[in-house]
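Work through the exercises below with the structure open. Each one sets a task and then solves it step by step.

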Amino acid sequence: MQYERVINPRVANVPPSGIRKFFDIVRQMPGAISLGVGEPDFVTPWPIRDAAIQAIEEGRTQYTSNWGLESLREKVAAYLRMRYHAVYDPKDEVLITVGASEGIDLALRALVCPGDEVLVPEPSYVSYAPCVTFSGGRAVPVVTRAEDGFALMPDMLAKAITPRTKALILPYPNNPTGGVMTREQLAAIAQVLRGTDVVVLSDEIYSELIYSGHEHTAFAAIEGMRERTVTLNGFSKAFAMTGWRVGYCCAPRELLAPMFKIHQYTMLCASIQGQIAADRALGRAFETNFEDVRAMVRSYDRRRRLMVEEMNAMGLPCLEPRGAFYVFPSIRGTGLTSEDFCTRLLRQQHVACVPGTAFGASGEGHIRCSYATSMESLREALKRIRAFLNTL
């Protein structure tokens, strides 16, 4: 059988993830330290796990509503209103999804027609551009720069918008750079978008992981932006629940209805145990004033400061990340490409980082290192990186 004739070329031509290649090598390499994993090293707190265990023991194993558990949607709406002043009706403006990733896919498939353009700031998360391609659209990179804190600049956005622009993905706090955008910066982006029909997919999955006294601003809370914004978030990062696969999309009912239709016919609903655990996660956060989340952020902050200090000390210029749990140092001074640097570092010192090019062509000259691992492992990894640099 000639498989090349039956496989959709739109899918076949998308390269494999630039992250997973290094993960696969690490798994076969004893003693390797991975700074590539984009997930918390914390275990989901016991009360959250216990809620799911109890649900299983009670025989709660059925489908939920396609929209998700009503109590969870109500808590999500309350959370966004309380934390970020973004107001949604839990009845038909909040949809529980299988992770925030499903929300991105739903939004793109509901919006994008063949030939439409979707603006994607770079460097940014590896899945955005492929998902645009899968939906039939064309991902248009909008380069961000270290000197701007990797924030999306309004002049760059304005230049990128064409009559074919359907949507803008706004990924802040940012993976891989750790960049954040202030309310004033977001207001400048909003000004560019006024008078257009560009829909914003605001991926705010790292909204709780903010440092140095900064605060997260929901794009939907910017004056006039709610009508054009799909807010995407979930429980993976802030609540250490990556494997539970529970996220949510919030948008005006006119935007969310077609997304719901796709979800209804494909996923049906997120796992009931995952939703029950997520419901307990938010309930516990309200009860304890987010103490579990704040404790985790304090731990990340200590690691963040260590990584920035050490990277700069060893000659790898590193912007201080204000969100998420990554550093994105420049390795241009070594004369190596990002791919060569990461490959040689892994082979010689058994430390896995991710080439900046995995996050778009503009990531060349950088590597991404996650500090979502123990201080002991971080110190050893930094020691090995320094040893590697000394061989160049």
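**Exercise 1. Describe how helices H3 and H10 pass each other, and list what meets at the contact.**

Solution. The model is predicted. Step one is the hand: H3 passes H10 in a right-handed crossing. Step two is the geometry: the axes of H3 (residues 46-57) and H10 (residues 272-288) come within 8 Å and cross at roughly 140 degrees. Step three is the class of the angle. Angles over 145 degrees count as roughly antiparallel and those from 65 to 115 as roughly perpendicular; H3 and H10 are therefore oblique to each other. Step four is the contact: H3 brings Pro47, Ile48, Ala51, Ala52, Ala55 and Ile56, which meet Gln273, Ile276, Ala277, Arg280, Ala281 and Arg284 of H10. Sorted by class, nine residues of this contact are nonpolar, one is polar and two are charged.

**Exercise 2. Is the crossing of H4 and H10 left-handed or right-handed, and which residues meet there?**

Solution. Start with the axes: those of H4 (residues 70-84) and H10 come within 9 Å and cross at roughly 40 degrees. The crossing of H4 and H10 is left-handed. Next, read off the contact. From H4 come Ser71, Leu72, Lys75, Val76, Ala78, Tyr79 and Met82, and from H10 come Gln275, Ala278, Asp279, Leu282, Gly283 and Phe286. The contact of H4 with H10 holds eight nonpolar, three polar and two charged residues.

**Exercise 3. How many cavities of 30 Å³ or more are there, and what lines them?**

Solution. The count is two cavities. Take the largest cavity before the other: about 100 Å³ of space lies in it. Its lining has 13 residues, and Tyr172, Met181, Leu186, His216 and Thr217 are the ones nearest its centre. By class, this lining has eight nonpolar, three polar and two charged residues.

Now take the second largest cavity, with about 50 Å³ of space. Its lining is made of Tyr79, Ile205, Ser207, Glu208, Asn233, Gly234, Phe235, Ala238, Phe239, Tyr248 and Leu282. Seven of these are nonpolar, three are polar and one is charged. Tyr79 and Leu282 also appear in the contact of H4 with H10.

**Exercise 4. Which helix gives the largest share of the lining of the second largest pocket?**

Solution. Begin with the pocket itself: about 510 Å³ of space lies in the second largest pocket. The lining has 24 residues, with Pro15, Val126, Ala129, Pro130 and Ala358 nearest the centre. Then look at the elements: strand E3 (117-122), helix H6 (128-134) and strand E4 (138-143) each supply at least two lining residues. The largest share, five residues, comes from H6. The lining divides into 16 nonpolar, seven polar and one charged.

**Exercise 5. Find where the cis peptide bonds before Pro123 and Pro173 lie, and then place Phe150.**

Solution. Go along the chain.

- The peptide bond from Glu122 to Pro123 is cis, with omega near -5 degrees. Pro123 sits in the loop between E3 and H6.
- Phe150 is not a glycine, yet has a positive phi of about 60 degrees. Phe150 belongs to the loop between E4 and helix H7 (154-160).
- Tyr172 and Pro173 are joined by a cis peptide bond with omega of about -5 degrees. Pro173 is in the loop between strand E5 (165-170) and helix H8 (183-193). Tyr172 is also among the residues nearest the centre of the largest cavity.

Methods. Residues numbered from 1 in each chain as written. Predicted model: local features only at pLDDT ≥ 70, side-chain atom pairs only at ≥ 80, totals over all residues. Heavy atoms only, no water. Axes fitted to C-alpha atoms, helices over the stretch in contact; angles between N-to-C directions. Helix = DSSP H or I, 4+ residues; strand = E, 2+ residues; numbered from the N terminus. Parallel < 35°, antiparallel > 145°, perpendicular 65-115°, else oblique. Left-handed = near helix turned anticlockwise from the far one by under 90°. Contact = heavy atoms within 4.5 Å. Nonpolar A, V, L, I, M, F, W, Y, C, P; charged D, E, K, R; others polar. 1 Å grid on protein atoms, 1.4 Å probe; cavity = no way out; pocket = protein on both sides within 12 Å on 5 of 7 lines; lining within 4 Å. Points joined across faces, edges and corners; volume = space filled by probe spheres on them.
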